[in-house]
Amino acid sequence: PRPSSGPPPSAKLASKPLPEVNLPSKVSAWKWPAKGKLVQTFSPNKAQYGIDIKGSRASPVLAAASGQVVYAGDGIRGYGELVIVKHSDQYVSAYAYNDSILVKEGDTVAVGQQIARMGSTGTRGVKLHFEIRKDGEPVNPLQYLPLQSS
C-alpha cells in the first residue's frame, strides 16, 4: 500500500515523554537521506507525499538534517519500519520501508548519521520513502535537497 497522508494529527508518535533537546529554530541545510535512483517524486494529487529512492537492501539511510528521533517503529500503517526525526518546531522528516532501525525515540542525530538500513517493509521492492513536513504539512523534498549529480 502507498503511504497515506501520514500519521493522523491525533497519532501519538513517541511512546513516552522525550527528553528536552534544544533544536535549532530552522534547518540550515538538508542532505540526501540515501544513495540510489529517484523512482518516485512528490505528487500530492496521487497521495505521494514524499519521494522514493531505489537502493540495495541494508544500504545506509541517513538523517537528512540534525534533530531528535520522535518515532521509531512499525506502528503506522503503510510505512513499514519508520523513523521520524524532528529538526525544529517547523520541520520533521520521515524515513519509511527500512529493513532495520538503528536509533530509538529520544536519540539526537546529526546530519548524515546512519539511522536505518534500507529495506522493503510495507512495500514492494527495496527503497526508501522520504518525506519532509513543514508545520505538519507535506512539502516537496526536492525543493529542500541539494541537486544530485548522476
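This is a short walk through one chain, from its overall make-up to its strand pairing, salt bridges and two backbone angles.

Keep in mind that what you see is a predicted model. The mean pLDDT of the chain is 88, and 88% of its residues reach 70 or more. Residues 7–12 fall below 50 in pLDDT. Beyond near neighbours in sequence, that stretch has 3 contacts in the model. Where pLDDT is low, the predicted coordinates should not be read in detail. I will leave residues 7–12 there.

Now the overall make-up. The chain has 150 residues, with 11 strands and 0 helices. Reading from the N terminus, every element in the run is therefore a β: β-β-β-β-β-β-β-β-β-β-β. Of the 150 residues, 43% are buried. The exposed surface of the chain comes to about 8,100 Å², and carbon and sulfur atoms supply 49% of that area. On contacts, take those with a separation of 6 or more: 63% of them are between residues 24 or more positions apart.

Next, how the strands pair. Strands of a sheet pair through backbone hydrogen bonds, either parallel or antiparallel. One open sheet here is built from 3 strands in the order S3-S9-S7, with antiparallel pairing. Its edges are strand S3, residues 60–62, and strand S7, residues 100–101. Each of these edge strands pairs on one side only. Between S3 and strand S9, residues 114–117, there are 3 bridges, and the two strands run antiparallel. If you want a residue pair to look at, Pro-60 stands opposite Arg-117 in S9.

Moving on to S4, S5 and S6. Strand S4 covers residues 67–73 and strand S5 covers residues 81–86. They pair in the antiparallel sense over 5 bridges. Across that pairing, Tyr-71 stands opposite Ile-84 in S5. S5 is also joined to strand S6, residues 91–98, by 5 bridges, and these two run antiparallel. Here Val-85 stands opposite Ser-93 in S6. How many residues lie between S5 and S6 in their hairpin? There are 4.

Now the charged pairs. Side chains of opposite charge can pair when their charged atoms come close. A search of the whole structure finds 4 salt bridges, and I will go through some of them.

Start with Asp-52 and Lys-127, whose side chains meet in a salt bridge at 3.5 Å, N to O. Asp-52 is in strand S2 and Lys-127 is in strand S10, so this pair links distant parts of the chain, 75 residues apart. Are these two residues buried or exposed? Both Asp-52 and Lys-127 are buried.

The next pair is Asp-99 with Arg-57, where the closest N and O atoms are 3.1 Å apart. Asp-99 lies in the loop between S6 and S7, and Arg-57 in the loop between S2 and S3, so the salt bridge ties together parts that are 42 residues apart in sequence. Why do I call Asp-99 partly exposed? Because its relative accessible area is 34%, and partly exposed is the range between under 20%, which is buried, and over 50%, which is exposed. Arg-57 is also partly exposed, because its value is 43%.

Then there is Lys-104, which forms a salt bridge with Asp-107. The closest N and O atoms of that pair are 3.1 Å apart. Lys-104 counts as exposed because its relative accessibility is 55%.

Last, the backbone angles. Which residue, although not a glycine, has a positive phi of about 60°? That is Ala-47. Ala-47 sits in the loop between strand S1, residues 37–40, and strand S2, residues 51–54. With a relative accessible area of 28%, Ala-47 is partly exposed.

Asp-135 is another residue other than glycine with a positive phi, in this case near 50°. Its place is the loop between strand S10, residues 127–134, and strand S11, residues 137–139. Asp-135 has a relative accessible area of 51%, so it counts as exposed.

To go back over the main points: this is a chain of 11 strands and 0 helices. Its open sheet runs S3-S9-S7, S5 and S6 form a hairpin, and the search gives 4 salt bridges. Among them is the buried pair of Asp-52 and Lys-127.

Notes:
Residues are numbered from 1 along each chain as its sequence is written. This is a predicted model: local features need pLDDT of at least 70, side-chain atom pairs count only at pLDDT 80 or more; totals for chains, interfaces and linings use all residues. Side-chain values use heavy atoms; hydrogens and water are left out. Buried means under 20% relative accessible area, exposed over 50%, partly exposed in between (1.4 Å probe, protein chains only). Two strands pair if DSSP finds at least two bridges between them. Contact means heavy atoms within 4.5 Å. Accessible areas come from the Shrake-Rupley method with a 1.4 Å probe; for residues, only the protein chains shown count as cover. pLDDT is the predictor's confidence in each residue, from 0 to 100.
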